[in-house]
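The points below are offered as a reviewer's note on the structure shown here. They cover charged pairs, strand pairing, helix ends and enclosed space.

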Amino acid sequence: MASRLDSVPNRRAIVDRRALADVIAVIDGSGTDLRQQLVAILKEALEAGRAEIADRLMLNPSRGLEAASAQAFLVDQVLRLTFDFTTQRLYPVSNPTAGERIALLGVGGYGRGEMAPYSDVDVMFLTPWKQTGWVEQVIESMLYTLWDLGLKVGHSSRSLDDMVRMATSDLTVRTALLESRFVWGDRALADEGLARFHREVVAGTDKAFVAAKLEERNERHRRMGDSRYVVEPNVKEGKGGLRDLHTLFWIGKYVHRVDSAAGLVETGLLTPEELHQFQRAGNFLWAVRCHLHLLAGRAEERLTFDYQREIAERMNYATRPGRSAVERFMHYYFLQAKTVGDLTGLFLAHLDEQFARPGRRFTLAAIPRRPRKLNGFRLVRGRLALPSDDFLEQDPVRLIEMFALADRHGLELHPAAVRCARRDARLIDAKVRRDPRANALFLDVLTSPRDPETVLRWMNEAGVFGRFVPDFGRVVAQTQFDMYHHYTVDEHTIRAIGLLAQIDRGALKAEHPISTAIIRQIVSRRALYVAVLLHDIAKGRGGDHSVLGAEIALQLCPRLGLTPAETETVAWLVRHHLLMSATAFKRDLSDFKTIQDFAAAVQSPERLKLLLVLTIVDIRAVGPGVWNSWKRQLLTDIFEGAEEVLRLGHKQTGRKERVAAKQRVVAEQLGWNEAAFAALARRLPEAYWIAEPGDILEANARHVAAARDQQLSIAASVYPERGATLVTVYASDHPGLFYRIAGAIHLAGGSIIDARIHTTRDGMALDNMLVQDPFGRPFDERKRLDRLKAGIEDALANRTRLPERLAAKPLSRTRAEAFPIAANVLIDNRASNRFTVVEVNARDRPALLYALAYGLFQSKVTIHSAHIATYGERAVDTFYVTDLLGAKITSPARLKSLEKRLLEAAEGIAETVAA
């Protein structure tokens, strides 16, 4: 690895060791004073060297490996000067014995000659035997010097025998020593240690080391998020990151004794082109990591949203039509992560071939029968292989057929076949794309009853998917710079197809009983799979991706072999794939006009079924934690309501029956006498019975009964279905009630994630709110629940000065602040027959709901229901309101005033309010 450090340009501008040695030689003093003078000189040199490296990186922001090597070179010189000073000035020994020898070795990343600005300095002090007193003094003094310099040192002190014993028993030590590099001291001792390491530790343990490193890698991926497309990736440890590249090199070095990545070509594990990709990915990832450390001022490895924008600017990415600079930067990042993943897969498959005994990879139990019709392809040890290197070139349609056969027969692909597919993917041209056979094979894979997700991912990693469907190729590694989407567009799409296949097979029946049932009734099964493929295909182009995606569907579907009717269905589904979720999560489903308008847009029961399944897989594929029981309930409600309208016409025939059915169930659960329950039912409007689920209806009934004639009663309990606390306020209704509740909940450290506001026919408010703490968890301790209830009670009883306390409470800095979001207020008098619907889009922040509710109070309107939805950093809060007399707000002047006040509240301009 010395050659890498030797290649650093103009090294003396970073640090001139000889000049520093001359300065150090003339310092005078003794003991601690002498060492402190050394520290002062070296600290100045270290800071100057780091500044020089940082300046070079700013001038050439993509030269990551050069910056990483320069950091290692700088540390080398500091360690050498420290070693010489300690052994010659602080603890000189005129005639050292054989045991008074020390070799200073760099291990781990430092040994490899690659360091980020705040990386640990991992060193090993190697001695021939047990440490002498002089050796202990030297090591201790050196460590104090390095610590005083502010270096984070990972160190070990071992004799030759200790080193061999520890490396044999500890995989981490063995891996660190694998990359050990002589830095200073006794070179002969270092050479002897290296020889013993290879002779006594490495020899004969290849298979065990490879297996252990792969298991370690899998565990790391599970810990970091098992996808290389997580939108806030860990540059060092994440899937597709630097550690994966290091693992490839470690394994190659251990098994084949190569000294550099270039040696992997000679062993046949990588081709020259793949080596170039390996080095390009490594250089880019190191550049990103170095910028990340410099911006954070510490050893930060996670590429969070706030750093992404700054690094994109540092690396000179510019905004282009439809894509911001940060999206272009992250797109390239994920392309490199994909490259790392592709190389890893090929590399490990080749290793598997080398280590496995011929003909014994699979047992007879694993492959019960040999596939007969492979159309010229071969089966090599259970894997689909090519008969010749030019087999795909002879007929490029075989590039699609290869994956179709793998799916049909449940086979893995031979690494040589994957390598040929990656090489020959360029052969897929317009002629191949128009070929009916190729399109039929692709459609077979897409709609496979087996495991289309896995095979489509293989196609994507080989570059075949994006070549055959160029519009899909445009979204490969395409990021969305927001906190809502966890994955890149292509990964999200492939995951959605996988979820659809699971529902299709009945594997998710417990979680999605309605979808599992209706998918059996769907006539347009092919259209549904193609719609899932295309629903986000136009992202990153500017404009509405739903509209643009529908246009792509009209062009692509006939090519794939879909009928005109299927094509029309796919285009409609892509155009309206957000309709169901937007209506369910942002509108009041107990308002019958909401259901009517939605049903009018859908028009047919078949489309309704298709849209439900598409909506579910789209939401679930966004990322972990996005899907929950609340969303399931809302989508069920809108599906059942719209189905009823489409089946019976524009009548509310089934609405009364649904209310009556709910009331019967609740009455049975309560066990009340008929008269008592009838009295409660008369007090509560029909919309209440439609809006609330059965368990909350029962809890509310018991709460109201227990309150009797009280003017204020508050209940708070954990609601596990939503991972939140259910807060119910039963109080005499009056203007400003909701904003006071929202303010009190914020003061208690809570955040309202959903609110349903009701008024009984005798003037009592019955409000149900779901509340979480700042970490997205429920308030579950009795003390916290009591404090929450007491805070709401004090606010409603005017026992606390709410505005002053809110103004004094500092707003915590949220991750959402990394995103520029312009507030927007939409007022709609057509969405409901009875209410004015106000939708506010804004950047999510603490106390936002309180500010909006207070703005509505100031505008002298009554809130009848509130619907809170959060999409990462974006909050979408919808209110159904009337004036104080219960009528819609229609005056243009009043509407304009309402919009202005809510915009100010959404933007945080009007934060100082009066109770």
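1. A residue counts as buried under 20% relative accessible area, as exposed over 50%, and as partly exposed in between. D191 has 44% relative accessibility and is therefore partly exposed. This residue belongs to helix α9, which spans residues 187-202. From D191 to E219 the separation is 28 residues in sequence and 34 Å in space, taken C-alpha to C-alpha. The model under discussion is a predicted one.

2. The structure contains 49 salt bridges. In general terms, side chains of opposite charge can pair when their charged atoms come close. Three of these pairs, and one network, are taken up in the next points.

3. R419 and E274 form a salt bridge in which the closest N and O atoms are 2.8 Å apart. This pair connects distant parts of the chain: R419 lies in helix α18 (residues 415-424) and E274 in helix α13 (residues 272-296), with the two positions 145 residues apart. Are the two partners buried or exposed? R419 is buried, at a relative accessible area of 17%, and E274 is likewise classed as buried, at 5%.

4. A second salt bridge joins the side chains of R525 and D504, with an N to O distance of 2.8 Å. Here too distant parts of the chain are linked, since R525 sits in helix α26 (residues 525-534) and D504 in helix α24 (residues 489-505), 21 residues apart. R525 is partly exposed, with a relative accessible area of 29%, whereas D504 is buried, with 14%. Elsewhere, D161, R196, R199 and E200 are joined into one network by salt bridges that share partners.

5. The salt bridge between the side chains of R63 and E66 has an N to O distance of 3.8 Å. R63 is partly exposed, at a relative accessible area of 44%, and E66 is also partly exposed, at 24%. Both residues appear in the lining of the largest cavity, together with I53, R56, L57, N60, A67 and A70. Helices α3 (31-59) and α4 (64-90) are the elements that give two or more residues to this lining. The space within the largest cavity is about 50 Å³, and a search of the whole structure finds three cavities of 30 Å³ or more.

6. E692 merits separate attention. The residue is located in the loop between α35 (686-691) and α36 (694-707), and E692 is buried, with a relative accessible area of 0%. Which side chain does the side chain of E692 meet in a polar contact? The partner is the side chain of R756, at 2.7 Å. With neighbours within four places in sequence left aside, E692 is in contact with K662, L697, R756, H758 and N768.

7. Strand β2 (residues 121-127) is largely enclosed by the rest of the structure, because six of its seven residues are buried. Strand β1 (residues 103-106) runs antiparallel to β2 and is joined to β2 by four bridges; within this pairing, L105 has M124 as its bridge partner in β2. Strand β3 (residues 153-159) pairs with β2 in the parallel sense, over seven bridges, and L126 stands opposite R158 of β3.

8. A further sheet is open and has three strands in the order β5-β6-β7, with mixed pairing. Strands β5 (378-380) and β7 (412-413) stand at the edges with a single partner strand each, so one side of each has no neighbour in the sheet. Strand β6 (residues 383-385) pairs with β7 in the parallel sense over two bridges, and R383 stands opposite E412 in β7.

9. The final point concerns helix α20 (residues 436-446). D435 caps the N-terminal end of α20, with a side-chain oxygen 2.8 Å from the backbone nitrogen of R437. Which residues of this helix are buried? They are A438, N439, L441, F442, L443, V445 and L446. For reading such a list, an α-helix has 3.6 residues a turn, so residues three or four places apart point the same way.

Conventions. Residues are numbered from 1 along each chain as its sequence is written. This is a predicted model: local features need pLDDT of at least 70, side-chain atom pairs count only at pLDDT 80 or more; totals for chains, interfaces and linings use all residues. Side-chain values use heavy atoms; hydrogens and water are left out. A salt bridge is a side-chain nitrogen of Lys or Arg within 4 Å of a carboxyl oxygen of Asp or Glu. Buried means under 20% relative accessible area, exposed over 50%, partly exposed in between (1.4 Å probe, protein chains only). A polar contact is a pair of N or O atoms within 3.5 Å; within protein, one must be able to donate a hydrogen and the other to accept it, and residues adjacent in sequence count only if both atoms are side-chain atoms. Contact means heavy atoms within 4.5 Å. Two strands pair if DSSP finds at least two bridges between them. On a 1 Å grid over the protein atoms alone, a cavity is a set of points where a 1.4 Å probe fits but cannot get out, and a pocket is an open set with protein on both sides within 12 Å along at least five of seven lines; lining residues have an atom within 4 Å of a point. Grid points are joined across faces, edges and corners, and a volume is the space filled by probe spheres set on the points.
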